[in-house]
Amino acid sequence: MNNYGLNIWSDKNFIIKDNEVTLNHKSMPSLLKITTEIRAKDVRGPILLRFPHLIKKQIKNLYSQFNYAIKENSYKGTFNAVFPLKVNQFPHLVNAVTREGKEFKYGLEAGSKAELILAMSKTNDGAHITVNGFKDKEMISLAFIAAQSGHNITITIEGLRELKTIIEVALSSNLTVPNIGIRVRLHSTGSGTWAKSAGMDAKFGLTATEILEATKLLERASLLHKFTMVHFHIGSQMTDIAPIKRALREAGNIYAELKMLGANALSKINIGGGLAVSYEQHSDASTHNYSLEEFSSSVVFLLAEIMNAKSVQHPDIFTESGRYIVASHAVLITPVLELFTQDYYEGLLNFKETNPPLITELRELYKHLNPKNCIEYLHDALDHIESLLTLFDLGYIDLQDRSNAEILVHNIIKKSITLTSSINTQELKQLQVNLQERYLINASIFQSLPDYWGLKQHFPVMPLHHLNSKAMRGASIWDITCDSDGEIGFNPDKPLFLHDIDLDKEDYFLGFFNVGAYQEVLGMSHNLFTHPNEYTITIDENGFEIINCVESKSILDILASLGYTKDELLNKLKLDLTNSTFITEKEKSDTLSKLETFVEQNGYLRTTN
Ligand SMILES: Cc1ncc(COP(=O)(O)O)c(C=O)c1O
């Protein structure tokens, strides 16, 4: 039985029970049961499920591992964390993060004006707000307003010009000045796909010379007492611990040097985000090489070592890990709408009274295939199909013969693979590519898995059910966009196998996991497919509850969000239909009401026929 790498990526959040993917929490509902209950309300497109208990688990893990490391290393500073809003700003996610993080005083990080407004409205009392990214005078003033309103806010400067604006705003108003942080430009770089956030050519941060200049500017403006934080971030999804340690040494030493130079108010070091998530589902695929335990103890140990060596007080530690906190909380579930190689179904064979000799031979091979002869027969079949295709090109066999040949060879390959395990690996891979089935899913990869489209970031995928039977079909996944990039191709080195399903008889659902970070907010409305219906699922000992339903935008709302006027569009459609001829008034009014219902539905497919 294939467990689709659950042991690699799921962190025991999901298990297989009664042949279905099941939440490993309290009453342990299966994803299929939840999906079936939602679909009973006439929902047909993709659905996104949020599981707040998984957010709680991650927040708890983060705090408890760091607090444990602090205790173990007799570290004198405290541990603090903020959630970077850029990772997911959807309301039911942000509400869950702030609710589950309340007991820890878990704060929020903002990287834009809109995110800052959100952070100011949603941060728990007493929790921190950090502000990163490029800022103008308005955004800086907003941080002053936040400080004046009682928020514990630190505004991190990305360049000297920003600092000059902060000083200008401070000198021209009586508003409370926020705490000031400096993002340092490290020469240490990160690792992995998102490693561009550090290094001397990085987009963000101040060089050593600029840091010194900044402290002078602060001192001259009598604001040095507001300079409280040194910040760095070397990139998201850091796969290797070594660069993290190098960056920590560098930033830790900058911190200690600044303290020794008289930056007395400095008391916090913010190590940014970047804690990695397991996305791989094949045992030989490389994922990150460290655990949270190793990460937290390395951070605490190294900072203590640097500060002790320079006799500097241990700083409070801040992290801004986002992916780690929310990736696991969301699962995208998509119905499969069609399997395209059903065309090779045996029942479609249509032999003539007299068939070309090679076809007769293929029939015999197929009939007598057994574990002993299957490799030899398979090779004969592959040889015959080459000859038959040439005969077709030369006009010696017709389309029906060709169809029979393709169906026979397809089934000979399929059966041979199941009969023997001794096919040469390279050959097996090629056969799997030839045999691959295309599973059409009712979803958009551009909308729901944009990092797959843009960066080929793999997301764990598996069927929700049938897990007692071995999936044999090498699978590629096609989405319903009108774009050939909307495909997750079959990769023989990291193959995905799915089941042979007769969709006329039963539904088949795929789950895409760890999609809670970045995917929803980066998702694009290509072909005007929008965010799927979403639901929050709470689970207790007695069962589960489906709450916070947010429906995917209706077709009219999608168009309105682009700037079209709904009434204008609808009136034109109605007018054209009303002016049309050859149908009765009754048919017209029935069609009109159908049209009205249709434009109020979302754009995903409801049926394929
Ligand atoms: C400054 C900063 N902090 C935190 C993060 C969050 O990173 P992650 O989601 O990988 O933890 C980012 C994202 O790249 C960032 O730019």
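Which polar backbone atom is 2.8 Å from an oxygen atom of the ligand? That one belongs to G322. A few notes from going through the model, which is a predicted one:

1. Ligand surroundings. The ligand has 16 residues around it, and S236, G274, E320, G322 and Y518 are the closest of them. Sorted by class, that shell comes out as nine polar, four charged and three nonpolar residues.

2. Polar contacts. Besides the backbone of G322 at 2.8 Å from a ligand oxygen, two side chains are worth a look. Y518 places a polar side-chain atom 2.6 Å from an oxygen atom of the ligand, and H233 has one 3.1 Å from a ligand oxygen. As for cover, on its own the ligand has 400 Å² of accessible area, and the protein covers 91% of that.

3. The α7/α8 pair. Away from the ligand notes, have a look at helix α7 (residues 160-172) and helix α8 (residues 208-220), which pack with their axes 10 Å apart and at an angle of about 10 degrees. Angles under 35 degrees count as roughly parallel, so α7 and α8 are roughly parallel to each other.

4. Who touches whom. On the α7 side the contact is made by L160, L163, K164 and I167, while α8 brings in E210, E213, A214, L217 and L218. Split by class, the residues of this contact are six nonpolar and three charged, with no polar ones. The charged residues here are K164 from α7 plus E210 and E213 from α8.

How values were computed:
Residues numbered from 1 in each chain as written. Predicted model: local features only at pLDDT ≥ 70, side-chain atom pairs only at ≥ 80, totals over all residues. Heavy atoms only, no water. Axes fitted to C-alpha atoms, helices over the stretch in contact; angles between N-to-C directions. Helix = DSSP H or I, 4+ residues; strand = E, 2+ residues; numbered from the N terminus. Parallel < 35°, antiparallel > 145°, perpendicular 65-115°, else oblique. Contact = heavy atoms within 4.5 Å. Near = heavy atom within 4 Å. Polar contact = N/O pair within 3.5 Å; in protein donor to acceptor, adjacent residues only side chain to side chain. Areas by Shrake-Rupley, 256 points an atom, 1.4 Å probe, with all protein chains shown as cover.
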